[in-house]
Amino acid sequence: MWWLKDVWVIDPSQKLSAPRDVLVQGGQVLEISSSMTEEEVLEKAQGESIDAVNGQGKFLFPGLIDVHTHLREPGQEDKEDILSGSRAAVRGGFTTILAMANTQPVIDNRALVEFVRRQGERAGYAHVLPIGTVTKGMQGAELVEMADMKEGGAAAFSDDGKNIQNGEVMRLALEYAKLTGLLIISHCEDKYLAGEGQMRRGVASARMGLKGIPASAESVIVARDLLLAEETEGKLHLAHISTVESVDLIRRAKKRGVNVTAEVNPHHLIFCDEVLGITDTVLKVNPPLGSRADREALIEGLRDGTLDMIATDHAPHTQAEKARPFAEAPFGIASLETALSAVWQHLVVPGIISMDRVVEAWSFSPAQRFGLQGGSLVPGSVADMVLFDPEFSEVIEPATLVSKARNTPFLHKTFQGFPVMVWVEGRLVQRDRKVL
Ligand code: NCD
Ligand code: ZN
């Protein structure tokens, strides 16, 4: 049995943010109360040994749930695999991750869904939930067997990495997904507007002499998908929202009652395109970093709930790929191990976003929307939990990362504030930054 003493519990599912004692037994939260005596705890343990943790000055919250990670298995295990990615997850404070389907081959049938799920179980760290593609071969034309894939364990459907350019295919996908109750996750990008663009079109792309992707490449598809979700009453989730116009469109759609949620990535909340230099392939990401105004709109959207969730879009690539010239390097930032600390350091500490909101947006909201276990510490809940120490300081060094990827903009930077204990189903899987 675990006894976490005098820890600041953040649990948005019960609107709790206060010091408490917490007992965990048999993989579940047993009790949360303002104080417990040694006798009371001994009695509840009924002879079982007690691991007591002094939680003073630390936060305890439900394990983070990341609805957007690329784990690259099967097919690109030089970038990442399910074992390394799910170890990186628990090191970063994530106890559930949804694995994107743009692997090689893409996850477009039940056998492959089952393969990803089994590999996740075999790894035994974060819960790994497979996302299936929407279309066969991710070709944007023919829908997959959604019901069958759901039976196999698919948690959602997405052609992420590409956009379904054909509006009729997207409309049918929203319509058919209703029968499964699962969401369609849309990577909003008009491929003709995006063209061969390498970064956001604007002053910075002109300065660097690179082809730009206009903000409208995202927003026109956001508008289309919102209208299709409204018409079909399908369940839509918008991935990695990055522009002022998209936030505005989502805000208005929600007022009309459209069944939509949206996510924002830490890098879009932290950086804008001004910081980019021609050698910064590590910050080359899709959708590209936007303007200052975009960043402000995203922060406001996250604050007011227009953007429901934070998600990493962990996109591991090899150092060799990222060492290519800017125009030839792949899009993506690897972030499972650094995302929570980066958000803490850049957004919570300066008072831009509260930790309560961060926890809500990264655990409770994803659990609710995707119908997943976790995201709550109400007694009886699964003990997927994070102990976060705001004082713990660490330099992000390649040697300490457990992900195979090194494509993080935070390499060699010092952060203060890290998850220092992580439990999955009551089992300790990370302690003092070491994956167990
Ligand atoms: C993603 C990847 O690498 O798979 N890259 C990224 O920059 N986000 C694909 C994608 O979602 O565009
Ligand atoms: Zn994407």
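In this predicted model, the domain assignment splits the protein chain into two parts. Domain 1 comes in two pieces of sequence, 2-60 and 380-435, while domain 2 covers 63-370. Put simply, the stretch assigned to domain 2 sits in the sequence between the two pieces of domain 1. The C-alpha centres of domain 1 and domain 2 are 27 Å apart.

So much for the layout; next comes the place where the two domains meet. On one side, 38 residues of domain 1 take part in contacts, and on the other, 45 residues of domain 2 do. Together, domain 1 and domain 2 bury about 3400 Å², and carbon and sulfur atoms account for 62% of that area.

What about charges and polar groups? Two salt bridges are counted between domain 1 and domain 2. Arg91 and Glu394 also deserve a look: their side chains form a salt bridge, with N and O 3.1 Å apart. Across the interface of domain 1 and domain 2, 21 residue pairs are found in polar contact, with both residues at pLDDT 80 or more.

Turning to the side of domain 1 that touches domain 2, the elements that supply two or more residues are strand E16 (385-395), strand E17 (414-424) and strand E18 (427-431). The top contributor here is E17, which gives nine residues. Sorted by character, the residues on this side of domain 1 come out as 21 nonpolar, 10 polar and seven charged.

Technical notes:
Residues numbered from 1 in each chain as written. Chains lettered and ligands numbered in written order. Predicted model: local features only at pLDDT ≥ 70, side-chain atom pairs only at ≥ 80, totals over all residues. Heavy atoms only, no water. Domains from an automatic or database assignment. Contact = heavy atoms within 4.5 Å. Buried area = accessible area lost by both parts, 1.4 Å probe. Salt bridge = Lys/Arg side-chain N within 4 Å of Asp/Glu carboxyl O. Polar contact = N/O pair within 3.5 Å; in protein donor to acceptor, adjacent residues only side chain to side chain. Helix = DSSP H or I, 4+ residues; strand = E, 2+ residues; numbered from the N terminus. Nonpolar A, V, L, I, M, F, W, Y, C, P; charged D, E, K, R; others polar.
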